[in-house]
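Student: I would like a close look at a single part of this model, namely the enclosed space inside the fold and the elements around it. Please give cut-offs for the terms as you go, and then set that part against the rest of the chain.

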Amino acid sequence: MKCRICETECKMFLDLGRQPIANNFLTEDQFGSEAFYHLGVYFCPACMTVQHRDCPVCSDVFNSTYPFFTGTSQAMIKHFAELAELIKEKYLPAHGQIMEIGSNDGTFLEHFKDGDHMGFDPSESVNRIARAKGIYVYSKPFEGFPVENSKRWQGTTDVFVSANTFAHIPDRHGVIRNIKRMMSVKGIWINEEPYLRSIVDKLAYDQFYNEHVFYTSIVSMQNVLRMHDLEIIDFDLLPTHGGSIRYFIGHKRAERNEKIDDAIKREGLNSFEVFDRFGKDVESHAKRFRQQLIDLKRPIVGYGAAAKSTTVLNYCDIGPDIISRIYDTTPEKQGKFSPGKHIPVVAYSQFAKDDTQDVVLFVWNHGKEIYDKERNRARNWILPVGGAI
Ligand code: TMP
């Protein structure tokens, strides 16, 4: 495939096979009509971007039935409240303008609803909730927002926020172009996403699913930003989503940034060999994981029907004969079946009555919150991917 960023020929380092749309939980009568996509993960040797070749069209994923709601996690509610505090203290001037790309159910933007704000999200399921909170939402993709037609939007935005959304958008140049046009002279773009170095270190291949298109390292992020005269000014590493990075991005500056240059050197994600080794390690881990479950010879249930469980279940070929049901707190998923493998999703309220000892913790990224919540009963928690919590 040709790189979406620089059109160089990319090389695949991990083949996760045929995968259904990761969040497409379905009813029994929909079993025959599921769409599958090939999930290969590719590396570009020129700009170092990691990406998928195939991805579903946006409206097949982000639509009126999109079932991921940020506010289902107490930890994420707290995370966004803290980010809002930081922005108010350091980055947003009085009467300043803030935009969120992928505003979901408004968990973040509700902290700014009394000021000049706007959220962008193509999924009506989440927009309904955000609007009910009094948040102004534009229900179209940000990259298609016609900035060039109106001076009203040019150079006016002081803070952009995108959290686990920029990586979902195939037209990466379109997003950055619009940000460049809209950002005020001292403006900042705060972008969070799972950090590729953490994915590699934790063997967290379940972060690869077909809602995403890209997985960024500092080096690849800097490369694409520089094409638009933007650059990384600073970054923080975060514990969210199993290991994330928060980039602070601004207009390109004249002076050298030693912190970023050093981080790129230390990061070591600039060669195909690193990813090739990772791909091989994933393959053998997945085989061992499947065998580990079979060898238990006991009933097993799952905890958290997250999008990333779809990758593991389909790649490892694990169906209801191995994991009989998955408990989940999201009402929109309950009573449905997991994409591809059709494991029943059961309301979390039933979990306490279930005596099954062995539980696969698909939402290992929320591990601390969950171990705390479930500490009253001893269970054998099994992690689906390599890393510790
Ligand atoms: P994610 O944030 O890792 O994508 O996972 C979200 C899914 O996990 C969502 O369907 C809700 C579910 N979940 C639980 O069932 N119990 C929990 O304690 C948490 C934090 C999430």
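Tutor: What follows begins with the enclosed space, moves outward through its surroundings, and ends with the whole chain.

The model is predicted, so local features need pLDDT of at least 70 and side-chain atom pairs count only at pLDDT 80 or more, whereas totals for chains, interfaces and linings use all residues. Residues are numbered from 1 along each chain as its sequence is written, and side-chain values use heavy atoms, with hydrogens and water left out.

The search runs on a 1 Å grid over the protein atoms alone, where a cavity is a set of points that a 1.4 Å probe fits but cannot leave, a pocket is an open set with protein on both sides within 12 Å along at least five of seven lines, and lining residues have an atom within 4 Å of a point. Points are joined across faces, edges and corners, and a volume is the space filled by probe spheres set on them. By this rule there is 1 cavity of 30 Å³ or more, and the largest cavity holds about 30 Å³ of space. Around the largest cavity stand Ala167, Glu193, Pro194, Gln207, His212, Phe214, Tyr215 and Thr216. Two elements give two or more residues each to this lining, strand S8 (183-194) and strand S9 (214-215), with helices (H or I, at least four residues) and strands (E, at least two) taken as DSSP runs numbered from the N terminus. In character the lining divides into 4 nonpolar, 3 polar and 1 charged residue, where Ala, Val, Leu, Ile, Met, Phe, Trp, Tyr, Cys and Pro count as nonpolar, Asp, Glu, Lys and Arg as charged, and the others, Gly among them, as polar.

The strands S8 and S9 also appear in the surroundings of helix H4 (residues 172-182). H4 is mostly covered, with 8 of its 11 residues buried, and buried means under 20% relative accessible area, exposed over 50%, and partly exposed in between (1.4 Å probe, protein chains only). The buried residues of H4 are Arg172, His173, Gly174, Val175, Ile176, Asn178, Ile179 and Met182. Their cover includes S8 and S9, together with strand S4 (97-101), strand S7 (157-163), helix H6 (218-226) and strand S10 (230-238).

Phe214, one of the lining residues, leads to glutamine 51, which lies in strand S3 (residues 50-52). Leaving aside residues up to four places away in sequence, glutamine 51 touches Phe214 and Val213 as well as Met1, Cys3, Arg4, Cys10, Gly40, Val41, Tyr42 and Cys44, a contact being heavy atoms within 4.5 Å. Its relative accessibility is 0%, so glutamine 51 counts as buried. The side chain of glutamine 51 also reaches the backbone nitrogen of arginine 4 at 3.1 Å.

For an open counterpart, the second largest pocket has about 410 Å³ of space and is lined by 18 residues, of which Ala75, Pro239, Thr240, Asn365 and Lys368 lie nearest its centre. Helix H2 (74-90) and helix H10 (367-373) are the elements that give two or more residues to that lining, and H2 supplies the largest share, 5 residues. The lining of this pocket divides into 5 nonpolar, 8 polar and 5 charged residues.

Burial is complete in helix H9 (residues 307-315), where 9 of the 9 residues are buried, so the helix is largely enclosed by the rest of the structure. The buried residues of H9 pack against strand S1 (11-20), strand S2 (36-43), helix H8 (272-296) and strand S13 (326-328).

At the scale of the whole, the protein chain has 10 helices and 16 strands. Its radius of gyration, taken over C-alpha atoms, is 21 Å, close to the 21 Å from the globule rule (2.2 Å times the number of residues to the power 0.38), so the chain of 389 residues is as compact as a globular protein of that length. The C-alpha trace spans about 65 × 50 × 40 Å along its principal axes, and buried residues make up 57% of the 389 residues. Among contacts with a separation of 6 or more, 68% join residues 24 or more positions apart.

Note on methods. Polar contact = N/O pair within 3.5 Å; in protein donor to acceptor, adjacent residues only side chain to side chain.
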